[in-house]
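Visitor: I would be grateful for a close look at a single part of this structure. Please explain the terms as you use them, since I am in my first year.

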Amino acid sequence: VNGVEVSEGYGYEVTYEDNDKAGTAKVIVKLNGNYYGSDDETFIITQKVVELTITDVTKTEYYVGESVDPTTLTITGKNVDNTDGEIDAADCTFSPAVFTQPGEGIVVTVIYKNDDGTTATGTFEVDVIGISGIKITSKPNQTTGYTAGDKLDTDGLTVTVTYADNTKRVFADTDGNGLKYNSVVDEGFVIDSTILDYAIGDNVPVVVSYYGYSDSFTVEVTGY
């Protein structure tokens with residue numbers, strides 16, 4: 001002050017307003033002792049989620065190959081200012097997002113990323129039912145007329161998956177764009193048709209795999 005260095009508590013005091021929550025806060029510096037006057041400055045406190053709580057989990061049982069259903073739970077975030085607020089599941093990621101192994105009490109971690117790059121997490125548990133087998137129940141519409149090097153057309157292919165609790169689900173490819181259940185493509189299926197690149201014959205096998213289980217069908221491939 002006037003070229004003289006003063007210390008907090010002896011030459012000035014600092015107070016704050018509205019610094020206990022996100023939004024606009026103010027810092028006030030007031031001179032004391034032999035000095036008079038004050039000044040203030042506003043600053044922004046950015047909201048940040050520091051912890052997640054997962055409640056109201058209505059779906060606690062899944063099958064291998066299923067993805068986490070974010071509509072079956074409520075995510076609440078605890079903010080840095082100790083306030084709480086519900087968080088949209090669409091703003092979160094899940095780990096695992098797809099269940100690839102069976103088991104009980106599998107922990108799913110919900111991850112929310114703040115604007116500053118930090119993350120907040122919460123967990124919940126589910127049981128995952130395994131697979132007991134798969135069976136091709138309909139071949140694709142086209143199984144003949146291929147020439148070596150052609151791309152396989154999977155339109156019409158259906159695969160029935162049987163689970164450990166004897167539940168069966170039919171996955172169907174209705175447009176050549178992948179096997180679907182409830183109109184959603186299941187990325188867990190692997191169709192190995194690379195043999196069409198070089199094999200020629202009336203019964204060239206195509207293998208369909210799904211999380212460690214497989215079945216096959218044959219197609220007719222002529223020469224180049």
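Guide: Let us begin with one pair of residues: I54 has I75 as its bridge partner in β6. The model shown is predicted, so local features need pLDDT of at least 70 and side-chain atom pairs count only at pLDDT 80 or more, whereas totals for chains, interfaces and linings use all residues. Residues are numbered from 1 along each chain as its sequence is written, and side-chain values use heavy atoms, with hydrogens and water left out.

The strands come next. Strand β4 (residues 49-55) pairs with strand β6 (residues 74-79) in the antiparallel sense, over six bridges. Strands are DSSP runs of E with at least two residues, numbered from the N terminus, and two of them pair if DSSP finds at least two bridges between them.

β6 is also joined to strand β7 (residues 84-87) by four bridges, and these two run antiparallel. Within this pairing, G77 stands opposite G85 in β7. β6 and β7 form a hairpin with four residues between them. In the turn, N82 has a positive phi of about 70 degrees. As a general point, side chains in a regular strand alternate between the two faces of the sheet.

I75 also serves as a reference point for a loop residue. The C-alpha atoms of I75 and D20 are separated by 23 Å, and the two residues are 55 apart along the chain. D20 is found in the loop between β1 (12-17) and β2 (23-31). D20 counts as exposed because its relative accessibility is 56%; the class buried means under 20% relative accessible area, exposed means over 50%, and partly exposed lies in between (1.4 Å probe, protein chains only).

A second loop residue may be described in the same way. D115 lies in the loop between β9 (103-113) and β10 (119-129), and D115 is exposed, with a relative accessible area of 82%. D115 and Q47 are 68 residues apart in sequence, while their C-alpha atoms are 9.1 Å apart in space.

A further aspartate, D165, is located in the loop between β13 (158-163) and β14 (168-172). With a relative accessible area of 35%, D165 is partly exposed.

To return to strand pairing, another group of four strands forms an open sheet in the order β12-β19-β18-β17, with mixed pairing. β12 (146-147) and β17 (189-192) each have a single partner strand, so one side of each is left without a neighbour in the sheet. β17 pairs with strand β18 (residues 201-210) in the antiparallel sense over four bridges, and the bridge partner of F189 in β18 is Y210.
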